[in-house]
Every structure is written in C-alpha cells, then in structure tokens.
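Below is a predicted model, taken up in a series of questions and answers. Each answer sets out its reasoning before it arrives at the value or name that was asked for.

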Amino acid sequence: MTVTADDAHPALTDNRDQRHPTGVTGVVDAAGAVLHPIGWAAVGVGVIALVYSTVLETRYLIGNLRLWQWLLLVAVIAVAANAALLNRLRVAIESISSVTKTLTWILVWVVCAVQLFNVVTRYGNGLIEQDIYYGQAVSVAWQSFALIAILGFNYGVRDGVNPRIDFWWENFSDRTKATLDFTIHVLLLLPFAVMAVRLLDGTAAIALGRQRDGTWPAGWRVWETWELSTEAGQLPVGAIKAMLFVAFVLFGLQVVAELIKTGFVMVNRAEYGNIVRRDAPMRIE
C-alpha cells in the first residue's frame with residue numbers, strides 16, 4: 001500500500017529533535033535511485049549556462065562559468081542520485097548551524113554584560129569622582145550585537161524563526177509546502193546568497209588589509225592597517241566587516257540544506273525530509 005507524506009507521520013511539536021519515524025517509498029526505491037530535485041536544478045543551471053556561453057553573449061556569471069564551477073555542477077548531479085550521501089551532507093551543514101546558534105546566544109549575554117558595564121560606569125562616575133568609562137566597551141558591544149545578526153542567518157533559516165505571514169500555509173500538504181519552499185529557495189534565496197558572496201569576497205579581503213591593487217601589507221601584523229572604529233579607543237573593525245562574507249557563505253550552505261530537505265519531501269522520501277510540525281495556525285514571514 002502506498003502512503004502519502006502526510007499519512008506517514010504523527011503530529012509533532014515544535015521540538016526540532018522530534019522527527020518523522022518512518023519513510024515513504026511510494027515512488028522511490030530503498031536505494032534512492034531517483035534523482036533528487038536539487039540534481040535537476042543543477043541540470044537546469046548547466047543547460048542555461050551552456051546556452052549563454054555558446055549561443056548568447058553575456059558578461060554575467062551564468063554564461064561565464066569557470067572550470068571548477070562546471071565540476072561543481074557535475075558533482076551536485078552525481079551526489080543527487082545518492083539519497084543517503086545527500087542526507088549526510090545536509091546533517092553536516094546543519095551541525096554548523098547548531099554551532100553558530102550557540103555562539104549567538106553567548107554573544108547575547110556578552111552584549112548584556114558590556115552594556116550593563118556601560119550604564120554603571122556612565123552613571124557611577126559622579127559617585128566615585130573618577131571617570132572609568134571605556135570607549136572600547138562601546139565598540140565591543142556594537143560589534144558583538146552585529147555578530148548576533150550575522151551568525152544568526154543560517155540557524156534562522158534552519159529553525160524557521162524568520163517572521164512571515166501566511167494564513168493558508170497550515171492547510172497545504174507537506175509536498176505542496178516543500179515544492180513552494182524549494183522553488184523559492186532555488187529562484188531567490190540561493191542566487192541572492194551567491195551574489196552576496198561574490199560581492200563581499202573583495203570587500204572582506206580589503207577589510208582584512210589587502211590593498212586595492214591586490215597586494216597585502218608587508219609583515220604579519222596586518223591588523224595595524226585595518227579601519228578603526230570612530231569610538232574612543234578605536235578598536236579595529238576589519239574583522240567584523242570580513243564576517244559579513246562568512247555569514248553569507250553559511251547562509252548559502254543552509255539554503256542548500258533546506259533544498260535537500262524539501263527535495264526529499266517532493267520525491268516522497270520523508271524519512272530524509274526532516275519535517276517538523278508546529279502548533280501555530282499560521283506562519284509569520
């Protein structure tokens with residue numbers, strides 16, 4: 001008897017560790033021989049890139065893929081035929097999101113502690129008739145606060161904490177939800193992540209000390225060439241600017257993980273789909 005993705009699983013709470021216990025084998029065999037949708041997406045990108053590079057002329061990346069980018073497309077297609085390997089890749093990517101989530105919560109407490117110090121010293125100086133205010137503390141606070149948002153990109157996508165409003169979402173089947181998410185991720189989120197990484201690559205290198213002519217400062221004390229904060233104490237801000245590049249790399253990886261999960265649901269491999277049900281009657285986006 002063939003079952004659907006909705007029938008195969010009991011209702012779940014919003015605990016991310018509670019997964020669907022069984023798989024669905026309606027259209028795919030146990031070996032997972034059917035090509036995962038992410039493989040078909042790679043095939044589509046390859047065809048479009050081939051057309052642009054042979055028939056049409058363009059300065060855009062899609063028509064000027066480098067050798068390693070062609071090899072990456074081939075690798076994606078090959079891995080897409082192996083469900084177990086693709087799922088292990090997804091698990092590895094999401095383990096990174098768990099690390100950044102922990103770091104984010106640590107930074108929340110760092111910001112609270114530093115800002116408490118700022119408030120105490122600001123209003124306590126008059127009581128002790130001594131100025132103990134440190135400008136570096138202000139820089140540490142805003143840089144830590146920026147890291148909370150930067151490092152929260154990938155785990156926000158994984159846990160679905162991004163606010164969205166969709167009154168009809170809860171009434172859709174799992175496969176319809178997965179198809180919508182997969183399509184939007186392929187057409188919007190993944191290209192946006194790739195674009196951001198390409199734009200921020202040079203910006204991150206310059207923030208870390210590389211000159212605009214491509215050369216790096218002599219010696220190993222490159223932080224001495226970094227841009228300085230305008231706050232008193234002038235902490236360097238090169239590292240926090242470079243973290244923007246890292247953040248979008250992690251964001252792009254998590255989008256790939258979401259494509260893997262939703263793609264499995266689309267081909268009725270819900271044991272790899274990692275479906276999570278929540279009690280909320282609608283999602284807020």
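Q: By about how much of the helix are Glu258 and Lys261 separated in α6?
A: The side chains of Glu258 and Lys261 meet in a salt bridge, with 3.0 Å from N to O. Both partners are buried, Glu258 as well as Lys261. Because they stand 3 residues apart in helix α6, the separation of Glu258 and Lys261 is about one helical turn.

Q: How many residues apart in sequence are the parts that Lys261 and Glu94 tie together?
A: Lys261 also forms a salt bridge with Glu94, where the closest N and O atoms are 2.9 Å apart. Since Lys261 belongs to helix α6 and Glu94 to helix α3, this pair ties together parts whose distance in sequence is 167 residues.

Q: Is Arg90, the salt-bridge partner of Glu94, buried or exposed?
A: Glu94 forms a salt bridge with Arg90, and their closest N and O atoms are 3.0 Å apart. The two residues are 4 apart in helix α3, which means that about one helical turn separates them. Glu94 has a relative accessibility of 8% and counts as buried. For Arg90 the relative accessible area is 9%, which is under the 20% limit, so Arg90 is likewise buried.

Q: Which residues are linked in a network of salt bridges?
A: The search of the whole structure finds 5 salt bridges. Among them are the pair of Glu94 with Arg90, the pair of Lys261 with Glu94 and the pair of Glu258 with Lys261. Glu94 and Lys261 each recur in these pairs, and the residues linked in the network are Arg90, Glu94, Glu258 and Lys261.

Q: What distance does α6 reach from its first C-alpha to its last?
A: Helix α6 has 29 residues, for which a span of 42 Å is expected at 1.5 Å a residue. The distance in the model is close to that expectation, and from first C-alpha to last it comes to 43 Å.

Q: Which residue takes a positive phi just after α6?
A: The place to look is the stretch that follows the helix. Just after α6 there is a phi of about 60°, and the residue that takes this positive value is Asn268.

Q: Is the aromatic pair of Phe248 and Phe251 stacked or edge-to-face?
A: A search of the whole structure finds 6 aromatic pairs, and one of these is formed by Phe248 and Phe251, with 6.2 Å from centre to centre. Both residues lie in helix α6, 3 residues apart, or about one turn of the helix. Phe248 counts as buried at 13% relative accessibility, and Phe251 does so at 9%. The angle between the ring planes is 80°, and because an angle over 60 degrees is the criterion, the pair is edge-to-face.

Q: Which residues form one aromatic cluster with Phe248 and Phe251?
A: Phe248 and Phe251 come from helix α6. The cluster that holds both of them is completed by Phe153 and Phe192.

Q: Which helix supplies the largest share of the lining of the largest pocket?
A: About 1600 Å³ of space lies in the largest pocket, and its lining of 38 residues includes Leu61, Leu72, Leu73, Leu190 and Val194 nearest the centre. By class, the lining has 32 nonpolar, 3 polar and 3 charged residues. Helices α1, α2, α3, α5 and α6 each supply at least two lining residues, and the largest share, 11 residues, comes from α5.

Conventions. Residues numbered from 1 in each chain as written. Predicted model: local features only at pLDDT ≥ 70, side-chain atom pairs only at ≥ 80, totals over all residues. Heavy atoms only, no water. 1 Å grid on protein atoms, 1.4 Å probe; cavity = no way out; pocket = protein on both sides within 12 Å on 5 of 7 lines; lining within 4 Å. Points joined across faces, edges and corners; volume = space filled by probe spheres on them. Nonpolar A, V, L, I, M, F, W, Y, C, P; charged D, E, K, R; others polar. Salt bridge = Lys/Arg side-chain N within 4 Å of Asp/Glu carboxyl O. Buried < 20%, exposed > 50% of the residue type's maximum accessible area, 1.4 Å probe, protein only. Expected span 1.5 Å × (residues − 1). Phe/Tyr/Trp six-rings, centres within 6.5 Å; stacked < 30°, edge-to-face > 60°.
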